[in-house]
Amino acid sequence: MTEQQHPQPAAAVTLPPPRRGADWMFGGVYGTVLASGLLAALDQKGGEYTPFYDASWVLVTAATAGLAHGYSHHMTTHQAGSAAHRWRLLVRALWNEWPMIAATLPTVLLLVLAGVAHWESYGVTAVGLGLNTALLFAWGSFVAIRVGYRLASALLIGLADATIGLAIIVANALIK
């Protein structure tokens with residue numbers, strides 16, 4: 001006997017689920033590292049200190065990186081469906097990048113305050129890199145606890161994330 005081939009009904013195309021806590025960590029760590037690198041790079045010894053300009057570049061770079069990252073996720077997870085469905089998927093992929101942009105806001109705020117208060121660039125860069133290193137520790141520890149790690153393991157994960165910030169501080173000191 002031959003088996004008859006019956007066409008399978010088309011599967012319903014659905015939106016991917018919203019991101020979980022671990023994905024927030026990715027965006028938070030990535031955005032904080034991005035802000036630290038920009039803060040270190042934009043502070044040029046002997047150059048004119050422009051904190052408002054620097055703040056705008058941190059924010060523009062974070063938004064651009066978020067758009068590029070969300071778009072690349074969208075392109076690598078192509079699904080069949082209507083154009084409207086693909087647009088909804090793209091909007092969701094782009095929206096999921098908000099933690100990366102939000103993670104740069106402490107640095108942006110620090111630079112704006114530095115411009116208003118006329119703080120010196122060396123101190124702002126040092127405080128900003130230290131703050132971002134502490135934030136990396138907090139991102140890592142908080143999200144690790146949230147996804148189920150025990151406290152000791154979560155603190156070690158936070159320490160590993162903070163090591164990235166320390167690496168940027170060391171690189172900034174060596175380069176300048």
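# Helix packing and a nonpolar surface patch

Helices H2 and H5 run roughly antiparallel to each other (angles over 145 degrees; under 35 is roughly parallel, 65 to 115 roughly perpendicular, the rest oblique). The model is predicted, with local features requiring pLDDT of at least 70 and side-chain atom pairs pLDDT 80 or more, while totals for chains, interfaces and linings use all residues. Residues are numbered from 1 along each chain as its sequence is written, and side-chain values use heavy atoms, without hydrogens or water.

The chain holds seven helices and zero strands (DSSP runs, H or I of at least four residues for helices and E of at least two for strands, numbered from the N terminus). Along the sequence this gives the pattern α-α-α-α-α-α-α. Of the 176 residues in the chain, 34% are buried (under 20% relative accessible area with a 1.4 Å probe and protein chains only; exposed is over 50%, partly exposed in between).

H2 covers residues 51-76 and H5 covers residues 105-117. Their axes come within 8 Å and cross at roughly 165° (lines fitted to C-alpha atoms over the stretch in contact; angles from 0 to 180 degrees between N-to-C directions). H2 passes H5 in a left-handed crossing (near helix turned anticlockwise from the far one by less than a right angle; clockwise is right-handed).

H6 and H7 pack with their axes 7 Å apart, at an angle of about 155°. H6 and H7 are therefore also a roughly antiparallel pair. The crossing of H6 and H7 is right-handed.

| Helix pair | Axes | Angle |
|---|---|---|
| H2 and H5 | within 8 Å | roughly 165° |
| H6 and H7 | 7 Å apart | about 155° |

The loop between H5 and H6 contains His118. The phi angle of His118 is near 60°, a positive value in a residue other than glycine. His118 counts as exposed because its relative accessibility is 66%.

H6 (121-146) and H7 (151-175) each supply at least two residues of a nonpolar patch. Phe137, Ile145, Leu151, Leu155, Leu156 and Leu159 make up this surface patch of about 560 Å². Patch residues have over 30% relative accessible area (Shrake-Rupley, 1.4 Å probe) and no salt bridge (Lys or Arg side-chain nitrogen within 4 Å of an Asp or Glu carboxyl oxygen); nonpolar side chains are joined within 5 Å, like charges within 9 Å. H7 contributes the largest share, four residues. Phe137 lies in H6. With 32% relative accessibility, Phe137 counts as partly exposed.
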